[in-house]
Every structure is written in C-alpha cells, then in structure tokens.
Amino acid sequence: MKELKFSKGLLASVLLSAGALAACSSGDEGSTAEGGGEQVTVDIFQFKVEFKDQFEDVVAQYEEENPDVNIEITTVGGGEDYGAALRSRFASGNEPAIFNIGGPQDVADWKDNLTDLSDTGAADAALEGTLDGVTVESEVLGLPYNQEGYGFIYNTRLFEEAGIDAASITDYASLEEAVKTLDSKKDELGLESVFALPGKETWVTGLHLSNTFLAPEFDNNVLTAYDADTVEFEYGEGFKKILDLQNEYSKQPTVSLDYSQQVEELFSLERVAIIQQGNWVYGSIAGIDQELADSGVGMMPIPVEGLEDGGLPVGVPMYWGVNSNQDEEVVTAAKDFLDWLYTSDTGKTAVLEDFKFIPAYEGYDTSKITDPMSKAIYDASEAGETIGWVFMGYPTGWGEDELGASIQKYLSDEASWDEVVDSAKAAWETSRGE
Amino acid sequence: MRTRDLSYWLFLAPVLLALALVVVVPMLLGLFYSFTAWNGIQTGEFVGFQNYLNLFKDERFLDSLWFTTKFSVVSVILINFIGLSLALIVTSKIKTSSLLRTTFFMPNLIGGLILGFIWQFIFLKVFASVGEAVGMESLQAWLSTTETGFWGLVILMSWQMAGYIMVIYIAYLEGLPKELIEAAEIDGASTPQRFRYIIFPLVAPAFTVSMFLTLSNTFKLYDQNLSLTAGGPYNSTEMVAMEIFKTAFVQNAFAYAQAKAIIFFIIVAVISLVQVYINKRREVEM
C-alpha cells in the first residue's frame with residue numbers, strides 16, 4: 001500500500017511539472033509573426049566583440065533594404081568562450097545560421113554543418129591564399145572576416161630620439177644593436193625597459209612568436225602545418241634568440257606580465273619602446289593616447305635568423321560559416337547577406353571605415369586605411385612581403401597549452417630550451433598520431 | 001509514518017523536476033559520454049573504459065589533482081582556524097562585535113572572479129611596491145612562481161571563506177549552555193582548559209558542517225583560480241576543475257574531460273562523506 005502511494009505521488013508530481021513546463025514553452029511562438037509570416041530569420045553567432053556595435057548598425061541598414069530578412073546577432077567574445085558557447089548552442093538545438101570557424105581543425109570538426117560557399121561573390125573576391133584554411137576538396141566552407149597581422153610594434157618618437165632608423169633593422173644583429181642602444185639611453189628616454197614580453201599570455205609566445213619561426217618550415221601554408229605529422233623547429237635557434245632578447249630587455253617578471261599591462265600600461269604610456277603585437281591593439285592604444293595610435297607607432301617584422309625573405313605574418317583570424325542544417329531559404333538569405341557585406345558598396349564602406357578592417361577581399365579603396373599598423377600590414381601584403389599564419393594548423397591546444405606553457409617554464413628557469421623543444425615535438429607527434 | 005498525500009508531492013514537484021533536469025539527467029548523459037569519443041559536436045564511437053584508463057597516466061591531470069589536494073588541506077585547516085578564532089573574538093564581550101561580524105563576513109559577498117582580480121592587483125602591484133619600499137625581495141614577483149601562486153590562492157580563499165565559516169561557529173558558540181561554562185569557571189578551569197574540554201567538544205557539530213563546506217568548496221574551486229593565476233605559470237597552479245575545463249574546451253577532448261569529471265566527482269564525494277562520517281562520530285550529545 002505504501003509503495004503504491006509513493007508511485008502515485010511521483011506520477012502526480014511528474015504530471016504537474018510537465019504542465020508547468022508546457023506553460024513555459026508556449027512563449028516562443030510569437031516571434032516569427034511580425035513580418036507577416038514571409039520573413040526569414042537569420043541567426044548570427046559571432047565572436048568579435050570589438051566591432052559589435054558597428055556590425056549591428058550595418059545589419060540594421062541591410063534589414064531596411066531587405067524587409068523580408070530579419071537578422072539576429074549574438075556576440076560572445078573571447079576565443080575560448082566562443083567555441084564553448086557555439087557547441088552549447090548546437091547541443092541545445094538552437095542552431096545559428098551563421099557562425100564562426102577558425103581554421104582547418106574547426107572545419108574538420110564542423111564539416112557536417114557547413115555549406116559550400118564557393119558560388120558566392122565574396123568567395124570569388126577573396127584575396128589569394130585567404131581561403132586556404134577553409135577549402136576542402138574545392139569546396140569553400142568559410143568566408144574570411146578580414147586580415148590581421150603582427151610584428152614588433154615600436155614607438156617612432158623614441159626611436160627617433162635614440163637615433164635609430166627602423167628601416168635599417170633587417171636581421172637579428174641590427175635588432176639587437178638597436179635594442180642595446182635603446183637600453184643604454186633608458187633614463188633619458190624615460191623608459192622602464194625596451195620590451196614588454198607578456199609571458200603570461202601563452203598565445204603571444206606559443207602562437208604568434210612560434211608562428212614566425214615555424215611558418216617557413218611549413219611553406220607558410222596552414223594546411224601543410226595541419227597535415228604535418230612532426231615538427232622540426234628548423235629555425236629554433238633564431239626563435240630562442242628573439243625570445244631571450246625580449247625577455248632580457250623586458251620589464252620583469254615576464255611570466256606574470258599580461259596583455260593589458262603590455263599594451264595599455266607599458267606601451268601606451270610610452271614606458272617601453274617595442275612590443276610584439278598586432279594591429280588589433282590600435283583600439284587599446286587609441287583609447288589611451290589617440291595621437292600615439294594615429295601617428296606615433298610603426299610595425300616591423302620579427303627577424304628570423306637564417307631566413308632572408310622574412311616579413312610580417314599576415315592571416316585571417318576567423319571565418320564565417322553558414323549552417324547547412326538550416327532551411328533552404330535561411331541558407332540562401334545567409335549567403336546573400338555575407339555577399340552583400342563584403343561586395344556591395346555600402347558593405348565595403350562599412351567593412352573598411354566602420355569596422356576598421358584590413359579587407360581580405362579585392363575591390364576596396366584601401367587608401368582609406370588610416371591607422372599606421374594596418375597600413376604597414378596592408379603595404380606588406382601588397383608587396384608580397386608577408387609570411388603565413390600557420391598556427392591555425394597546429395594540433396588542438398598545442399600552441400598555447402603545450403608550447404606556450406613550456407615557454408613559461410623556460411622563462412622561469414624551470415626548463416632548458418632543449419627541453420621546451422623536445423616536449424613540444426613529442427606533444428605534436430602524439431597529437432597527430434591519434 | 002507521516003502521510004504523504006498529493007499536496008506533499010505538489011510542493012515537492014518543482015524541486016524534484018529542477019534537480020532531475022539540472023543534476024540527474026546531465027550526470028547520466030555525462031556518464032554515457034565518458035564512454036565515447038565525443039568531441040562536443042558528434043558523439044563518436046563507443047570506446048569503453050579507454051578514457052578512464054588514459055587519465056590515470058595523464059601527468060597533467062594527476063599533477064592538478066595533487067595540487068588541489070595540497071591546496072585543500074592547507075586551506076581547510078587555515079579557514080577553520082581563522083573562522084573559529086574570529087568567532088571566538090566576536091562572541092567575547094567586546095564592544096564592536098556586530099561591526100566586526102559584518103566586516104569579517106563581507107568578503108564572502110564578493111564574487112569569486114572579482115575577488116581574484118582584486119587580489120591579483122594586491123599581489124602584483126601592492127606587494128611589489130611594499131617590497132620595494134622596505135627592500136624585501138620576497139614580496140616581488142608574486143604569482144609568477146608556483147609557490148607564490150599556491151600561497152596566493154590559499155590567502156585569497158581563506159580571506160573569502162573565513163567569515164562565512166565564522167558565522168557557522170558563532171551559531172554554535174552562542175548556543176552553548178552558559179551554566180556549563182560558568183560551572184567550569186567556578187571549578188577553576190583556566191581559559192585554555194575551558195576551551196579544550198568544554199567549548200571545543202560542544203562545537204564539534206560545527207566542525208562537521210564547516211569542514212564539509214570548506215572541503216567541497218576548495219576542491220571544486222574554479223573562478224578564483226581562473227582570475228588569480230589562470231593556472232599559470234606553466235599550468236602549475238591549475239586545479240582539477242580548470243584542468244577538466246581545459247581538456248574539454250582547449251584540447252577539444254570532451255569525452256575525455258567527461259571521464260575526468262566523473263572521477264573527480266567520485267573523489268570529492270568519497271572524501272566529503274568519509275569526513276562527515278568521521279566527524280559525526282566525534283560529536284558529543286548534549
């Protein structure tokens with residue numbers, strides 16, 4: 001009798017809760033009705049927080065021109081969080097129509113959910129090489145956001161006062177020479193140190209710095225890196241030298257120095273002369289010292305010892321993918337929107353002037369690129385003096401979690417350089433072997 | 001036997017449902033995923049106990065487990081010691097007792113992430129400038145070595161949780177029968193003796209509760225760990241929760257991370273239960 005009562009009660013509670021749930025779920029239906037039922041809703045799930053507001057403005061413009069399309073944007077910033085959030089969006093069944101993918105690994109992971117975009121105008125207009133990372137068997141599975149590049153960003157005023165010509169820095173020896181000059185004039189220039197090496201940020205050392213020295217090994221091609229079973233560190237000696245140089249002449253301790261200290265506190269306030277960063281720091285510097293950001297900085301390549309034709313590493317940070325599991329009309333609307341964004345006149349203006357992107361597409365009026373770092377990158381890109389971004393082809397987690405972490409160990413004298421290289425090589429092989 | 005009629009279940013239903021949805025179902029799903037090659041998108045094939053076998057050879061996981069254990073032991077002792085001391089102070093006859101109670105409890109109201117960033121500033125900036133002013137080398141470069149990172153975490157955690165634990169002790173201390181203590185006083189027991197033989201055994205139930213809370217909290221610590229050291233330098237201050245998160249979202253090994261989480265759950269459950277069992281036996285009936 002007791003048991004019967006228990007099960008009856010349980011049944012009652014389940015039924016009651018089910019009723020309560022059903023009451024909750026009825027709220028969803030209202031949203032599609034507004035546009036008279038004809039409207040197509042395109043959900044965009046994207047990662048770039050920096051241009052969120054500008055992007056929303058452009059989308060509003062597009063919606064005005066195309067009243068039958070409704071675009072919903074969700075922005076989740078920060079690389080790591082984005083991947084997690086995207087996975088949970090898919091897991092919950094609330095799949096976005098447009099989402100971001102990073103490179104070959106993401107393409108392999110998401111392959112079943114990606115539409116072939118090779119018939120879009122944007123794919124045609126994409127600059128050579130920018131589609132390498134997302135092309136599988138002649139299917140273009142993503143469209144590049146923009147181009148970004150990095151190198152040594154330096155303070156032109158300090159260089160001038162120290163009597164250094166940045167153009168003369170072409171190899172390691174001349175760089176070291178310049179650094180020593182700056183170091184000897186630290187007091188009169190008001191410098192705390194020459195460099196600020198953010199050892200805490202494993203992406204700065206493990207991805208960006210390592211990329212400079214691993215790119216030539218993989219022919220500057222992200223897919224070569226992605227397919228490689230081993231890594232050799234052919235230019236490892238130069239890698240070590242540049243790391244040592246940055247560390248020796250940096251504000252200490254480098255292991256706990258982070259990005260914001262490096263860029264905002266030290267470089268923007270002109271307490272250090274050189275930092276290894278990319279054009280994305282423009283906003284941060286401009287937020288503190290607009291003049292410095294607009295006319296006081298320059299960018300030069302990180303010299304690779306043993307390599308003559310170096311350059312600025314330029315690449316595509318993220319791609320737009322279109323979800324193939326959506327209804328036909330949603331997929332079409334999504335493609336049309338991306339096409340419009342990168343190939344229409346309104347879109348192009350927005351990309352260049354509002355987003356302040358370095359375009360990854362042909363047909364842009366690039367004289368409108370104003371900030372000196374983006375300009376340096378665009379010029380290098382035009383002159384063909386660039387090296388590729390191969391770190392998108394590293395085994396998952398290898399760059400930051402393996403190499404970056406071992407570099408921290410090296411910087412705190414807990415490991416020798418050889419140990420760093422050996423463990424990184426071993427980790428690469430294990431990852432690829434699986 | 002109490003009667004459990006419809007209204008009993010009616011009131012219980014929302015809780016049961018919530019518990020099932022956010023605890024039981026994910027737990028079972030997680031258990032299932034831990035036997036597959038799930039990558040967060042596709043479930044992948046069934047791999048049996050492979051994930052579990054791998055994790056016992058995973059040095060990084062074992063290191064983080066060891067680090068977490070060390071951290072928990074030190075923190076549990078410190079937090080309870082500080083908590084009990086604070087409770088004794090504010091229940092003694094000092095004038096500002098209620099102000100002190102509020103002050104000591106305050107850190108607990110601040111979220112873990114923010115606390116982490118505040119303490120990061122203290123360790124990196126304040127410590128450095130104090131060290132520079134008084135010429136103490138050891139105050140420089142905090143959080144950039146494993147040791148300072150460890151103690152940084154311990155300090156942060158003790159600072160945050162001691163006030164909370166204090167409240168639990170206060171509740172028990174104030175419930176102590178005054179006659180017993182008075183009688184002891186009349187019998188000539190000194191203050192340490194009174195504490196050792198009267199107060200301490202009588203607040204033993206508070207130990208059970210607060211040990212359980214501190215143990216499970218320190219073992220599961222994530223946000224303070226993330227904001228203070230982010231596992232650095234070289235992942236040496238990475239606690240288990242963070243290691244599991246990284247396995248899943250950085251290395252994209254979701255099923256493997258799930259297996260680690262299951263093992264972690266078992267470890268925390270076993271330790272907590274054993275601890276409660278042992279402490280329960282020590283409690284004295286009044």
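How many salt bridges does the rule count over all chains? In this predicted model, the count over all chains comes to 21 salt bridges.

## A salt bridge between the chains

One salt bridge crosses between chains, running from B:R60 in helix α3 (residues 59-91) of chain B to A:D401 in helix α18 of chain A. The side chains of B:R60 and A:D401 meet with a distance of 2.8 Å from N to O, and this satisfies the rule because a salt bridge requires such a nitrogen and carboxyl oxygen to lie within 4 Å. In general, side chains of opposite charge can pair when their charged atoms come close. Across the interface of chain A and chain B, the rule finds 2 salt bridges, and it also finds 5 residue pairs in polar contact, with both residues at pLDDT 80 or more.

## The interface of chain A and chain B

On the side of chain A that touches chain B, the elements that give two or more residues are α1 (2-25), α3 (79-91), α4 (104-110), α12 (259-267) and α18 (398-411) of chain A. Of these, α1(A) gives the most, with 10 residues. When the residues on this side of chain A are sorted by class, there are 10 nonpolar, 10 polar and 11 charged residues.

Taken as a whole, the interface brings 31 residues of chain A into contact with 32 residues of chain B. The area buried between chain A and chain B is about 2700 Å², and carbon and sulfur atoms give 63% of that area.

## Chain B and a pair of its helices

Chain B has 12 helices and 0 strands, so that its pattern, read along the sequence, is α-α-α-α-α-α-α-α-α-α-α-α. Taken along the principal axes, the box filled by the C-alpha atoms of chain B is roughly 75 × 70 × 30 Å.

Within chain B, the axes of helix α8 (residues 191-202) and helix α9 (residues 204-219) come within 4 Å and cross at roughly 50°. With that crossing angle, α8(B) and α9(B) are therefore oblique to each other. The contact is made by B:F200, B:P201 and B:L202 on the side of α8(B), and by B:A204, B:P205 and B:F207 on the side of α9(B). By class, the residues of this contact of α8(B) with α9(B) divide into 6 nonpolar, no polar and no charged.

## Backbone details in chain A

Which backbone features of chain A deserve a careful look? As a general rule, most residues other than glycine have a negative phi, and most peptide bonds are trans. The peptide bond from A:Q252 to A:P253, however, is cis, with omega near -10°, and A:P253 has its place in the loop between α11 (236-248) and α12 of chain A.

Positive phi values appear at A:E270 and A:K356, and neither residue is a glycine. For A:E270, phi is near 60°, and this residue is found in the loop between α12 and β9 (272-278) of chain A. For A:K356, phi is about 60°, and the place of this residue is in the loop between α16 (345-354) and α17 (372-383) of chain A.

Key: Residues are numbered from 1 along each chain as its sequence is written. Chains are lettered from A and ligands numbered from 1 in the order in which they are written. Side-chain values use heavy atoms; hydrogens and water are left out. Contact means heavy atoms within 4.5 Å. Buried area is the accessible area (1.4 Å probe) that two parts lose on being put together, summed over both. A polar contact is a pair of N or O atoms within 3.5 Å; within protein, one must be able to donate a hydrogen and the other to accept it, and residues adjacent in sequence count only if both atoms are side-chain atoms. Ala, Val, Leu, Ile, Met, Phe, Trp, Tyr, Cys and Pro count as nonpolar, Asp, Glu, Lys and Arg as charged, and the others, Gly among them, as polar. Axes are lines fitted to C-alpha atoms, for helices over the stretch in contact, and angles run from 0 to 180 degrees between N-to-C directions. Angles under 35 degrees count as roughly parallel, over 145 as roughly antiparallel, 65 to 115 as roughly perpendicular and the rest as oblique.
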